[in-house]
Amino acid sequence: RDTLSGAYEIRNGTKAMAASTFSNCSSLTSVTIPDSIISIGRSTFSNCSALTGIMIPDSVTSIGGNAFADCSNLTSIPIPDSVASIGDSAFYNCSSLRSITIPDSVTSIEGYAFYDCSSLTSITIPDSVTSIGRAAFYNTAYYNDKNNWENDVLYLGNHLIDARTTLSGEYSIKQGTKTIADGAFYHCSALTSIMIPDSVTSIGESAFEDCGNLTSITIPDGVTSIGLAAFQECSNLTSITISESVTSIGWSAFAGCISLTSITIPDSVTSIG
């Protein structure tokens, strides 16, 4: 019940928590999760505004969407090495969260995961992460610090997070970059050329959507997937070279590319959206 308050210890042997189990328990200050739990489901602790800290056991492999959304007094949360994915809006508006270290086990961070974490200044993302959702770190203290931006582009470790729509002309992504986040260059309408280094392994959903002045692009050998709507509405894109490392091309990847007259798809591709 949302009248639950103070500290609560989940019964040992419990396997799972249903969606929204502790949602809106605004007087709950701490929770002990037993090793028997393997996942934290959708909205499990959403709007637990008095929750200040929680220990996630090594048994947990995933943190669901909205799991800790609006936990406005949550100051820290260690994520164990067992976790492989962080769901959409998982820590949305955790306004007191100051630092986060994502372990090497995590491969995906979904959209809006840390959106509006306005006190979040320290973020560590490992190379194991292969996909970062749209606006995952938008309006964090790190995002809003102009000193963290390089020529209108924001990086987090070896991951390209976002680019301002004022970015123009030619741009070369830093060597060593692993991923281009969903929507990173969305509506950079003055961008004419982009150089992607061989270190990049994935191009996120809508990564270059509506870059209307982008004329050509080469997908390097390291890339294995081209995300949904990655180049949608790039109306001046005339040529595209897809490397033989690519195995999947997402839904609407080149939709609305009205100037694209020729494209070669290598035998490596096994799925087209």
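**Close-up 1. Glu205 and its contacts in the predicted model.** Let us start with Glu205, which touches Asp182, Gly183, Gly227 and Leu228 once neighbours within four places in sequence are set aside. This is a predicted model, and here Glu205 sits in the loop that runs between β17 (202-203) and β18 (216-218). Is Glu205 buried, exposed or partly exposed? With a relative accessibility of 38%, Glu205 counts as partly exposed. Ala230 is also worth finding in this view: its C-alpha is 5.0 Å from that of Glu205, although 25 residues separate the two in sequence.

**Close-up 2. The eight-stranded open sheet.** Follow the strands across this sheet and you will meet them in the order β11-β12-β13-β15-β17-β19-β21-β23, with mixed pairing. Which strands are at the edges? They are β11 and β23 (271-272), each of which pairs on one side only. Within the sheet, β17 and β19 (residues 225-226) run parallel and are joined by two bridges. For a residue-level landmark, look at Ile203, whose bridge partner in β19 is Ile226.

**Close-up 3. His159, a buried residue in strand β13.** Here we turn to His159, which has its place in strand β13. Its relative accessibility is 0%, so His159 counts as buried. What does the side chain of His159 reach at 2.9 Å? The answer is the backbone oxygen of Pro126. The side chain of His159 also makes a polar contact with the side chain of Thr179, at 2.7 Å. Not counting residues up to four places away in sequence, His159 touches Ile125, Pro126, Asp127, Val129, Ile132, Leu154, Thr177, Lys178 and Thr179.

**Close-up 4. Three salt bridges.** Side chains of opposite charge can pair when their charged atoms come close. How many salt bridges does the structure hold? There are three, and this view visits them one by one.

- *Arg42 and Asp88.* The closest N and O atoms of this salt bridge are 2.9 Å apart. The pair links distant parts of the chain, 46 residues apart: Arg42 is in the loop between β3 (39-40) and β4, while Asp88 is in the loop between β6 (85-86) and β7 (99-101). Arg42 is partly exposed, with a relative accessible area of 40%, and Asp88 is partly exposed with 22%.
- *Lys174 and Glu150.* These side chains meet in a salt bridge at 3.3 Å, N to O. Lys174 lies in the loop between β14 (168-172) and β15 (179-180) and Glu150 in strand β11 (residues 149-150), so the pair ties together parts 24 residues apart in sequence. Lys174 counts as partly exposed at 35% relative accessibility, and Glu150 is partly exposed with a relative accessible area of 35%.
- *Asp152 and Arg164.* Their side chains meet in a salt bridge at 3.9 Å, N to O. The pair links distant parts of the chain, 12 residues apart, with Asp152 in the loop between β11 and β12 (153-156) and Arg164 in the loop between β13 (159-163) and β14. Asp152 counts as partly exposed at 27% relative accessibility, as does Arg164 at 33%.

**Close-up 5. The largest nonpolar core and the surroundings of Phe45.** In soluble globular proteins, nonpolar side chains tend to be buried together. The largest nonpolar core in this model has 49 residues. Which of them touch the most other members? They are Phe45, Phe68, Phe91, Ile109, Phe114 and Phe137. The elements giving two or more residues to this core are β2, α1 (141-144) and β12. Now focus on Phe45: leaving aside neighbours within four places in sequence, Phe45 is in contact with Met17, Phe22, Val31, Ile33, Ile40, Leu51, Ile54, Ala67, Phe68, Ala69 and Cys71. Apart from the core of Phe45 lies another, of 36 residues, with Tyr155, Ile196, Ile226 and Cys257 among them.

**Close-up 6. The three-stranded open sheet.** Our last stop is an open sheet whose strands come in the order β1-β2-β4, with parallel pairing. The edge strands are β1 (5-9) and β4 (53-55), and each pairs on one side only. Neighbouring strands of this sheet are turned by 20° against each other on average, direction ignored. How many bridges join strand β2 (residues 27-32) to β4? Three bridges do, and the two strands run parallel. To find your place in this pairing, look for Ser30, whose bridge partner in β4 is Gly53.

Note on methods: Residues numbered from 1 in each chain as written. Predicted model: local features only at pLDDT ≥ 70, side-chain atom pairs only at ≥ 80, totals over all residues. Heavy atoms only, no water. Pairing = 2+ DSSP bridges. Helix = DSSP H or I, 4+ residues; strand = E, 2+ residues; numbered from the N terminus. Axes fitted to C-alpha atoms, helices over the stretch in contact; angles between N-to-C directions. Buried < 20%, exposed > 50% of the residue type's maximum accessible area, 1.4 Å probe, protein only. Contact = heavy atoms within 4.5 Å. Salt bridge = Lys/Arg side-chain N within 4 Å of Asp/Glu carboxyl O. Core = buried A, V, L, I, M, F, W, Y, C linked by side-chain atoms within 4.5 Å. Polar contact = N/O pair within 3.5 Å; in protein donor to acceptor, adjacent residues only side chain to side chain.
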